[in-house]
Amino acid sequence: MAQGKSLDIGPIERLNERFAALAGWCFDQRALVAGVCLALLIGLGTYAFSGIETDASYEAYFYEGDNTYLAYEAYREDFGSDEVAYIGFELPGVEHGPWNVKAMGALVSLTEALEDEVPFIYDVTTLANAELTIGNEEGLDISKIAYDWPLTQAELLERRDAYLSKPMFVGGIINERSDFGAIIVKMDRSSTDPPEEIIAEESEWLFPGEPENTENMYPQITDAKIREVLSRPEYAEFVFYNSGDVPLNAYYNRILFIEPVKMFAITLGVVSLILFIAFRTFVSVVTPAAVLILTLVSTVALMVLLGFKINMSFGSTPTLLMAIGVAHSVHVLSEFGVRFRALGDRRAAIVESIYLVGVPCLLTSVTTAVGFASMSFVPIKSIGEGAIYQAFGVLAAFFFSVTLLMALLSMGKRHRAVAQKESTSKGGEMMKRALEGLAEFNIKYRNALIGVFAVFLVVLGTGATRVQVDSNWLDDFWQDSWIYETTTRVDDEMGGTTNIIYLFDGGEKDAIKEPAVLREIDRLQQLANEESWLVRKTYSIVDIIKDLNQSLHADDPAYYRIPDTREEIAQYLILYESSGGEEAEEYVSPDYRRANLELRLRLGPTTATQELVAKLDAALAQEPMESSTLSLTGIGALWLVLMNYIMSSQIQGFTIAFSVITLMMIGIFRSVRIGLISMVPNLAPVFLALGAMGWFGISLDYNKVGIAAIALGISVDDTIHLMARFRHEFRVHGSYQKALRESLGDVGRALIITSAALVLGFLVNSFSEMRSQAYYGILLSGALVTALIADFLFMPSLVLWLKPFGPEGEGRPELARPELGKAA
């Protein structure tokens with residue numbers, strides 16, 4: 001490129017030459033490049049998909065060193081896994097409902113079947129085996145319906161009255177009307193346990209001979225076995241509502257493996273259709289698809305290498321990478337089509353195309369990667385990990401676009417006839433006239449356009465201030481999904497499908513047996529019960545102690561209280577354990593140093609839990625604990641901490657992304673004015689995403705935490721392409737108006753195509769089984785439409801007004817096209 005080097009050129013022009021040289025090399029070594037990429041696809045694909053794992057549990061959001069997570073792990077060491085399958089049931093049209101003698105016989109059988117056949121369970125609690133404590137002349141009798149079965153209908157109705165008199169049972173395994181029951185299946189495993197600990201016995205495998213199949217692992221195999229048992233003919237009169245951690249996590253895990261593949265396939269189809277319509281060639285569809293598939297495989301391979309698992313943050317990754325990666329292909333294909341028709345030489349067309357778009361594609365890749373990577377510093381584990389592999393995927397898409405795509409475009413006839421009509425190669429007369437009209441509109445109404453966008457930013461900026469940080473995991477799902485319907489049904493009847501746990505530490509062995517400690521637990525429990533708007537049920541060792549005291553005093557309700565002395569309490573517990581009582585171990589540690597108080601909460605937003613905790617904290621502040629120390633843990637507590645992380649992460653991520661990208665824009669154009677002007681239009685898509693959330697009451701939750709930074713990183717891409725070409729054309733022509741017309745005419749069509757691909761690609765998320773993913777896609781799509789409008793109608797007006805490239809004058813036509821070397 002002798003001529004290019006003789007000119008007074010800057011770093012961007014020199015980098016353009018490097019990309020042109022790379023494109024020429026890829027043309028000359030096309031077989032080698034394609035072969036290496038094929039080997040990478042096979043090797044990385046085998047490595048990636050044989051080693052990737054899933055993690056749908058809430059622990060995926062917390063790093064191991066997180067203090068809240070460590071407190072939760074300490075709780076689990078004392079009290080085991082807190083994962084359950086909570087199965088509600090009713091018997092429509094059956095007299096006495098769950099207390100029908102035939103139905104109870106079936107429940108006894110069902111309880112035994114679940115205990116004997118379902119892998120990874122700790123215990124099963126139903127009306128058939130719940131402990132009924134009754135005092136007698138000899139002391140204490142702990143009975144279970146299953147122990148005394150069979151019973152007559154009259155005897156069973158007597159038992160019903162006895163069970164309904166016990167506060168621990170009502171709202172837990174039977175509702176107040178006594179027509180809706182529950183089966184509580186507690187697990188001895190957690191979704192985050194190592195793979196070797198959650199593989200079922202080989203004889204239980206759903207897929208024999210496939211030890212790595214996740215359907216042979218917890219929680220999928222547990223969920224599948226529960227469903228198989230519930231579907232048996234002997235339980236046909238029951239209507240079951242399967243909810244809780246086990247079906248939810250199994251559902252998540254299946255979605256994590258199946259849905260990304262489905263979304264990828266749909267997005268690939270949509271993008272391919274857009275490319276075919278835009279370029280009308282088979283090559284324009286196949287070559288980008290090859291780049292995108294290799295990009296996704298490389299990204300998953302990196303996840304395996306770094307020990308990352310597929311979690312909810314991965315769900316939108318295939319769509320994101322495809323929508324972003326195809327933008328490079330569109331710019332290359334658009335320029336290549338123009339140059340090949342104009343020059344008639346395939347190699348020259350490829351080299352000149354990359355000379356023009358290589359640097360903008362690099363810069364857009366880096367800025368988009370920065371947008372993603374800015375979230376890697378947040379304290380939410382799944383978001384931080386997702387930021388790393390998504391940023392890598394963006395850069396991988398660029399790398400394969402300037403190597404593999406070049407090699408694939410090289411495979412065809414070297415020469416062709418030179419086209420006579422340039423307008424057709426640029427997208428047709430209609431597109432040409434539309435872009436020319438757009439340029440003239442900017443020139444004529446630049447002041448009005450600036451005013452309109454200023455109002456637009458103010459209105460949406462006001463909406464952004466109204467955004468509330470909140471979350472409700474049930475809102476992840478569509479209202480007609482089975483998980484939504486079953487969970488809301490159980491919550492309406494029984495309540496408490498989520499929880500928070502207060503952990504009491506008496507400081508020494510047997511401290512929980514002290515009346516003073518028990519009264520402190522009871523005080524907090526009663527305070528919680530007063531908040532019936534949210535708290536549906538509470539459980540603690542105090543319930544068992546009170547029940548023992550009442551049972552041992554002729555079932556006199558006056559004795560449903562804590563005994564006065566430690567000796568009485570110790571004797572009651574010894575008598576309870578010797579009589580076969582087992583439920584107390586769920587609420588106290590083996591050494592009786594620690595005890596837990598579980599608050600089962602109505603489904604609702606996390607802000608409601610936050611309000612509850614604040615009320616209880618205020619009450620405790622007025623009368624502090626004196627005999628024990630208190631800490632908050634459990635799933636609900638983790639969500640409270642996560643909510644605080646979300647707000648700090650959004651602010652931190654956007655601040656980092658905006659600051660770094662602004663500095664990059666200033667460095668790219670070697671001008672503070674150009675860099676700042678480039679960033680102003682990109683506030684529009686960010687304000688749209690956040691403003692729409694604020695005005696329409698869409699909460700900022702863990703699914704949308706990085707939306708501002710990501711919207712910025714993606715939307716700035718079009719700005720870079722247009723600003724870079726605007727600046728280039730200004731240097732060539734020396735006129736702002738002429739530069740605008742030429743730049744819009746050259747890159748405008750590509751920007752429209754890439755934006756269409758991005759928008760429709762993200763809208764594919766509307767097909768997701770997860771409502772949260774659909775909203776995420778819709779918000780990003782709206783932001784990108786706004787970004788394109790801002791780049792077409794706002795940014796040019798700013799450039800025409802502020803003239804950041806310098807004064808107008810004579811142009812330098814010699815910069816229009818470099819001298820292209822010809823290889824044999």
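This passage walks through a few local features of a predicted model, from two loop residues to a helix and several ring contacts.

A good place to start is Arg 232, a residue of the loop that runs between helix H8 (220–230) and strand S6 (239–244). Although a loop residue, Arg 232 is buried: its relative accessible area is 18%, and the cut-off for burial is under 20%. The side chain of Arg 232 makes a polar contact of 2.5 Å with the side chain of Glu 117. Setting aside neighbours within four places in sequence, the contacts of Arg 232 are Ala 113, Glu 117 and Lys 225. Glu 117 therefore appears both in the polar contact and in the list of contacts, where a contact means heavy atoms within 4.5 Å.

A second loop residue worth a look is Asn 765, found between helix H27 (736–763) and helix H28 (771–793). Asn 765 is buried, with a relative accessible area of 2%. Along the chain, Asn 765 and Ser 316 are 449 residues apart, yet in space their C-alpha atoms are separated by 7.5 Å. Ser 316 is also one of the residues that Asn 765 touches. The others, again not counting residues up to four places away in sequence, are Met 263, Thr 319, Gln 773, Ala 774 and Gly 777.

Next comes helix H16, which covers residues 429–444 and so has 16 residues. From its first C-alpha to its last, H16 reaches 22 Å, close to the 22 Å expected at 1.5 Å a residue. Which residues of H16 are buried? They are Leu 435, Leu 438, Ala 439, Asn 442 and Ile 443. Viewed down the axis of H16, these buried residues fall within an arc of 135 degrees, so they line one face of the helix. On the face turned away from this buried side are the exposed residues Met 430, Arg 433 and Lys 444. The partners against which the buried residues of H16 pack are helix H17 (446–464), H27, H28 and helix H29 (795–802).

Aromatic rings offer another view of the model. The count of aromatic pairs comes to 28, with ring centres within 6.5 Å as the rule. One of them joins Phe 89 and Phe 238, a tilted pair with 5.5 Å centre to centre and 55 degrees between the planes. Phe 89 belongs to strand S1 (residues 84–90) and Phe 238 to the loop between H8 and S6, so this pair ties together parts that are 149 residues apart in sequence. Both Phe 89 and Phe 238 are buried.

A further pair is made by Tyr 251 and Trp 482, whose ring centres are 5.3 Å apart. Why does this pair count as edge-to-face? The planes stand at 65 degrees, and planes over 60 degrees apart are classed as edge-to-face. Tyr 251 is in helix H9 (residues 245–279) and Trp 482 is in helix H18 (residues 482–493), so the pair links distant parts of the chain, 231 residues apart. Tyr 251 is buried, with a relative accessible area of 10%, whereas Trp 482 is partly exposed, at 31%. Ring pairs also link Tyr 251 and Trp 482 with Tyr 252, Trp 473 and Phe 477 into a cluster.

Finally, rings can also have charges as partners. The charged end of Arg 30 sits over the ring of Phe 27, 4.7 Å from its centre. Likewise, Arg 416 places its charged end over the ring of Phe 340, 5.8 Å from the ring centre.

Methods. Residues numbered from 1 in each chain as written. Predicted model: local features only at pLDDT ≥ 70, side-chain atom pairs only at ≥ 80, totals over all residues. Heavy atoms only, no water. Helix = DSSP H or I, 4+ residues; strand = E, 2+ residues; numbered from the N terminus. Buried < 20%, exposed > 50% of the residue type's maximum accessible area, 1.4 Å probe, protein only. Polar contact = N/O pair within 3.5 Å; in protein donor to acceptor, adjacent residues only side chain to side chain. Expected span 1.5 Å × (residues − 1). Arc of directions from axis to C-beta. Phe/Tyr/Trp six-rings, centres within 6.5 Å; stacked < 30°, edge-to-face > 60°. Lys NZ or Arg CZ within 6 Å of the ring centre and 35° of its normal.
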